[in-house]
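Student: I have a model open and would like to go through the terms used to describe it. Could we take them one by one?

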Amino acid sequence: MRKLLLTAVTLSGLALSGAGDLGMARAEDGQFFGLLPYRTGPYAPTGIPFADGVADYIKLLNERDGGIGGVKILTEECDTAYNTDKGVECYERLKGKGPTGSAAFIPLSTGLTYALIERTVVDKIPLSTTGYGRTDAGDGRVFPYVFTVPASYWTGADVAISYIAQQEGGFDKLKGKKIAFVHHDSPFGKEPLPVFEALKQKHGFQFDVFPVAPPGLEQKAVWLRLARQVKPDWTIMWGWGVMNATAIKEAAANGYKVDHMIGVWWSGSDQDTIAAGDVAKGYKSLAFHAPGATFKVHADIKKHLYDAGKGVGDPAAVGTVLYNRGLFNAVVVTEAIRTAQEKYGKKPLTGEQVRWGFENLNLTPERLAQLGVEGFMQPFKVTCADHEASTAIRIQEWDGKAWKFVSDWIEPHRDMIRPMIEASAAKFAAEKGVTPRKCD
Amino acid sequence: MIYREAGQYKTSYAADQAIFPIRQDRIGIALILVVAFGLVPLVGSQYVLSTIMIPFLLYSLAALGLNILTGYAGQLSLGTGGFMACGAFAAYKLTTAFPGLNILIVLFLSGVVAAGVGILFGLPSLRIKGFYLAVATLASQFFLVWLFTKVAWFTNYASSGVVSVPPRAVFGSIFVTGNESTPAIKYLFALSVVSVLALAAKNMTRCSIGRQWMAIRDMDIAAEIIGIRPLHAKLSAFAISSFYCGVAGALWGFIYLGGFEPTAFNIDISFKILFMIIIGGLGSILGSFLGAAFIVVLPIALSNGPAALGLHLSTALVSHLEAMTFGGLILFFLIVEPHGLARLWRIGKEKLRLWPFPY
């Protein structure tokens, strides 16, 4: 009995001392923004830096500027553990909180994105999926509440091929080249296939597809065949979580040149390369934002948060790829709120009003400089019809210690991809019986 | 004192064979139905309906299906997720191929398709038993999910393998899927289907076929000697179980998820449903519901708990506490009553009949 009591006391003590006010909405007035991070579960190592990036940026706005346009941002986190069912429950729990409900949601999971696409239409809350989720949701006429800025798997796939062409000396040199595609066998991994197929027809390279069953801990057979039999000139990888480090290690073990591997932006974080060890040196990945903590926004975060003891996460993680991706996401959503405030006034806004902000979001180079993210990301402009804004994408490389850019910004072939997106969205609309809205 | 059947005389066979022979039970179940059909959709918020009640009902239905196979017929199965996927994709293919077909007919047919596949994967049960059968059914789980991922025809050639459910109505304009529908209608629809199927399951287990299943479960050789055909009994259990799982899967994809991919029916869901019937009670209809409530509702309650108590904890701590408490409770209930919550309920009832004068 005494033991039990002791445990109870320790537990409650633990509970009370546990990182106090982190992510809890207070009763005061402000713009509510519900967060769906995964700080626990099998993907927690990648979920935590992202969640900290988002939380830090919002805290920075609250501490430094007093919120957005004087309206404080209230956040509450609900842990999804990267589980779709739990994520849906969290979404339902958070969507109506605060004075006006949640301004937007960042699901950070393909499964959860698909589950929320329909719900957000009913609830009129924007869904911001940066570089993941449903590619054809870039067509705002069919998907009014989903925003896929600044890139999709299709522009990513296109840029990967463009980079290979650059390295080989032009698109005409691609003919006869062997390119392998190793992908997570899930909707996420299969999403870029249509673009690769189209580019294969156009440029005449040989294209071999190697699906990896999730979670991807077992890839011996794939790399044995890839590295010893097919021997591709380049390998593109669409992986996530533990699959990435395993793939890099297996590639090296089978004698495949790691510096000819290009991962998608979800296969290019510090977590992946550090776990793979020394062999990861030279491994490349796509990126739509810069790595590193060299930007003004990082200095501000250090000054206002970490130096004052108010930082959310581990100071060492600031500037890692996934932390920066969290920052990127927070910038997009908060700027959309700011844009919406210009029309609806400086007060807590509803999801529908914030959607207007998203659709009129124009991040000019000047605006990016004001935010302290100049060079961190590309300027872009969202419109009613174009929810993706397809910015240019760069290639980054792991030098053994950190990620560095190795290419310039590469523009995707929008004239080829946009019609594909519209065709796919039209097919979805026909199947669902949705009438695309007019956008002029 | 209040729960006593003294004075309730049964004057006909029908009365003696009733599902609920005790009047208090009948009143209780009637009350539950009134609350479920009348009060819950009126009072329940959108959050309660769409994230607690609908998953609870659909998991109950799947658990009911597995309970028929594992609890009543004694055939251990880990293929539940696969059969659910079967039902979901059959329903998707049917409703996109024949948009005019009523959703109820689609559901029924998708159950039939799943039943057919269930019979196919039930064939090994004629030769192998116990854990070996569990492994054989595991093959169906992996094979079916793989099949739906691999063959693009099942997803109507969707490039990413995710299908989205078109809006469908039951009668006229009462939509149960898609954006026109409301959580209350979805809930009532799920509740109606689950009620009808639960009643059917209860009656099946009380008639000849259910007795055959139980005979096979308790001792298959003895059952064979007294004239029960194992082929018939085992395969019918597989068929009916898969029918239930198929309908549950179709509803899960159609009214809960709204858009789904094969991995929504992965091995996790099979384990989850197996745990539900183990915790709820093998061979009990009530147990399926109790188990589903335990596995679905309790974690949500636990994760909402600290905030409701006014404690401000970090997100990760709330999540960890939830997992710890949940695991602890599973251990607690399995130690207190290894036969599941349904048995606990039965013991409670026995005690209640003697209360306040136990001897």
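**Strands, helices and a contact**

Tutor: Gladly! Seven bridges join strand β5 (residues 178-184) of chain A to β6(A), and the two run parallel. This is a predicted model, in which local features need pLDDT of at least 70 and side-chain atom pairs count only at pLDDT 80 or more, while totals for chains, interfaces and linings use all residues. Residues are numbered from 1 along each chain as its sequence is written, with chains lettered from A and ligands numbered from 1 in the order in which they are written.

Student: What makes β5(A) and β6(A) a pair?

Tutor: Two strands pair if DSSP finds at least two bridges between them. Seven bridges join β5(A) to β6(A), so they pair. Across them, A:H183 stands opposite A:P211 in β6(A). Strands are DSSP runs of E with at least two residues, and helices are runs of H or I with at least four, numbered from the N terminus.

Student: Why are β6 and β13 of chain A called edge strands?

Tutor: The open sheet of seven strands has the order β6-β5-β7-β8-β9-β12-β13 (chain A), with mixed pairing. Its edge strands, β6 (206-212) and β13 (403-405) of chain A, each pair on one side only.

Student: How do you know that α6 of chain B has the expected span?

Tutor: The expected span of a helix is 1.5 Å times one less than its number of residues. Helix α6 (residues 130-150) of chain B has 21 residues and should therefore span 30 Å; its end C-alpha atoms are 30 Å apart, which agrees.

Student: Which residues of α6(B) are called buried?

Tutor: Buried means that 20 or more other C-beta atoms, placed from the backbone, lie within 10 Å of the residue's own. In α6(B), residues that meet this include B:L133, B:A136, B:L144 and B:F148. Among the elements covering the buried residues are α4 (80-97), α5 and α11 (267-280) of chain B.

Student: What makes up the contact of α12(B) with α14(B), by class?

Tutor: It has six nonpolar, two polar and no charged residues. Ala, Val, Leu, Ile, Met, Phe, Trp, Tyr, Cys and Pro count as nonpolar, Asp, Glu, Lys and Arg as charged, and the others, Gly among them, as polar. B:G287 and B:G291 are among the residues of α12(B) in this contact, and Gly counts as polar.

Student: How confident is the predictor in chain B?

Tutor: On pLDDT, the predictor's confidence in each residue from 0 to 100, chain B has a mean of 91, and 99% of its residues reach 70 or more. The complex gets an ipTM of 0.84 and a pTM of 0.87.

Methods. Contact = placed C-beta atoms within 7 Å. Buried ≥ 20, exposed ≤ 12 C-beta atoms within 10 Å, placed from the backbone.
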